[in-house]
Amino acid sequence: MDRPGCIAPAGRNLALGAFMTDRYTEVRTVARTLGVDAVALVPGPNFERLYGKRFMSNERPLVVFIPTEGPPAAIVPNLELRSFDLVDFEGEVFDWRDQDGYQHAFDALGAHMPLTSLAVEGQVMRVFIHHACSAAWPGVRIIDGEREISGLRLIKTPAEVAAIERAVQIAEAALGETLGALRVGMTETEIESLLTQALFRAGAEAHAFDPLVASGDHSARPHAHARADAWIAAGDALLIDFGARAGGLVSDITRTVFVGHASEEARAVYETVLAANAAGHAATRPGVTAHDVDDAVISVLEASPFADRIRTKTGHGMGREVHEAPYIMRGNPQRLEAGMVFTIEPGLYRIGGFGVRIEDDVLVTDTGCRSLTTFPKELRVVG
């Protein structure tokens, strides 16, 4: 029976000095701050940020353990070994095969790297990996370090901002093309198909998330998905919320348009949401809190005749994930810093009627903010 290997990347000298690389400094600092022996990372945004490569998260555990000092170690499915070579890993790799199971690899790594405490990504790591770690290190203290680990992604680098801007440009090109092709009588899924084709023609690596295309009373559901049996009709609101992935980072944009014509009510609701969106931009600058920005936005909506249609907070951070910190909501005391990127997306939704949402992606600058989205926001009638 195959036993877990202890595999050095081809051609790499495994002398201790080879492990002293800069890329683990932040993660080791997190481990020390949390008072644990090591941090465990699984495939996901934090793993991708560290290694620049994406792996699937599935029933086959792939885990990297980064101690406060010394070389890291990894659990890797045997079938992924050649792909894992691409991360230029500095430590020892314990592989396993499907027919043998993964626990013996965890046990071997546990003997190689004794641990009494471990921080994990509570929103990403699967429970069966938690159990495998507990078995490999009997009595180990495992804590949720999600906030601290993912907090390393709060401030975007110039390269990350550039990638988000590229993702925004791709999405905006696709949206412009799609809106230009809309006609009364199309179904929501036909519109979604047009949007998807345009997105990839514009250069997207992938969708940032499943697009939301909703017309008529369906637009009053903030997370509605396209229907094959819903045909857009004159007078409908049409809400499109989607994004592109480029360079490993994402965009997230929403625009609401009206088909054929817009009623007086629709125009009044739209102008209210647009004013709230502008208030969010005006309130965003370093030093204010996420609460402050949300309060500025929601106050506009609350002062309108449509206050009973408020159903969501103002926005969320974005980067390698579509939803990440900071969350722009009342009660969140987190202070904004230059380099943060988040959405400003006020909306009003009347169940049984229609919904309007206008969403921008903004970058906090040294003096205020800069909108990464530039797609026009004035009320638009299509079809």
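## Pairing and overall make-up

Two strands are treated here as paired if DSSP finds at least two bridges between them, and in this predicted model one residue-level instance of such bridging is L238, whose bridge partner in β12 is V257. The protein as a whole comprises 10 helices and 20 strands, and its C-alpha trace spans about 70 × 45 × 35 Å along the principal axes.

Of the 383 residues in the protein, 53% are buried, while the accessible surface comes to about 15800 Å², with 53% of that area belonging to carbon and sulfur atoms. Among contacts with a separation of 6 or more, 68% are made by residues 24 or more positions apart. The 36 positive and 51 negative charges have mean positions that lie 1 Å apart.

## The six-stranded sheet

Six strands make up an open sheet with mixed pairing, in the order β4-β3-β2-β1-β5-β6. Because β4 (92–96) and β6 (141–144) stand at the edges and each has a single partner strand, one side of each is left without a neighbour in the sheet. From one strand to the next the twist averages 20°. At the β4 edge, strand β3 (residues 73–77) runs parallel to β4 and is joined to it by five bridges, with A73 standing opposite E92 of β4.

Helix α1 (residues 25–34) packs on this sheet, where it touches β1 (38–41), β2 (63–67), β5 (117–120) and β6, and its direction makes about 125° with that of β1. Helix α4 (residues 103–112), for its part, lies across β2, β3 and β4 and runs at about 160° to β4.

## The four-stranded sheet

A further open sheet, also with mixed pairing, is formed by four strands in the order β8-β9-β12-β20. Its edge strands are β8 (212–215) and β20 (381–382), each of which pairs on one side only.

Within this sheet, strand β9 (residues 237–242) and strand β12 (residues 253–259) run antiparallel and are joined by six bridges; I240 stands opposite R255 of β12, and L238 has V257 as its bridge partner. The pairing of β12 with β20 is in the parallel sense and extends over two bridges, with V259 placed opposite V382 of β20.

## Burial of strand β12

Strand β12 is mostly covered, seven of its seven residues being buried. In a regular strand the side chains alternate between the two faces of the sheet, so the burial of each face can be considered separately. For β12 both faces are covered: I253, R255, V257 and V259 are buried on one side, and T254, T256 and F258 are buried on the other. R255, the residue opposite I240, and V259, the residue opposite V382, therefore both belong to the first-listed side, and both are buried under the cut-off of 20% relative accessible area.

## The loop residue A228

Between β8 and β9 lies a loop that contains A228. This residue counts as exposed because its relative accessibility is 55%, the cut-off for that class being over 50%. Leaving aside neighbours within four places in sequence, A228 is in contact with T187 and T189.

A228 can also be placed relative to helix α4 by way of F106: the two residues are 122 positions apart along the chain, and their C-alpha atoms are separated by 47 Å.

Conventions
Residues are numbered from 1 along each chain as its sequence is written. This is a predicted model: local features need pLDDT of at least 70, side-chain atom pairs count only at pLDDT 80 or more; totals for chains, interfaces and linings use all residues. Side-chain values use heavy atoms; hydrogens and water are left out. Axes are lines fitted to C-alpha atoms, for helices over the stretch in contact, and angles run from 0 to 180 degrees between N-to-C directions. Contact means heavy atoms within 4.5 Å. Buried means under 20% relative accessible area, exposed over 50%, partly exposed in between (1.4 Å probe, protein chains only). Accessible areas come from the Shrake-Rupley method with a 1.4 Å probe; for residues, only the protein chains shown count as cover. Lys and Arg count as positive and Asp and Glu as negative; His and the chain ends are not counted. The place of a charge is taken as NZ of Lys, CZ of Arg, CG of Asp or CD of Glu.
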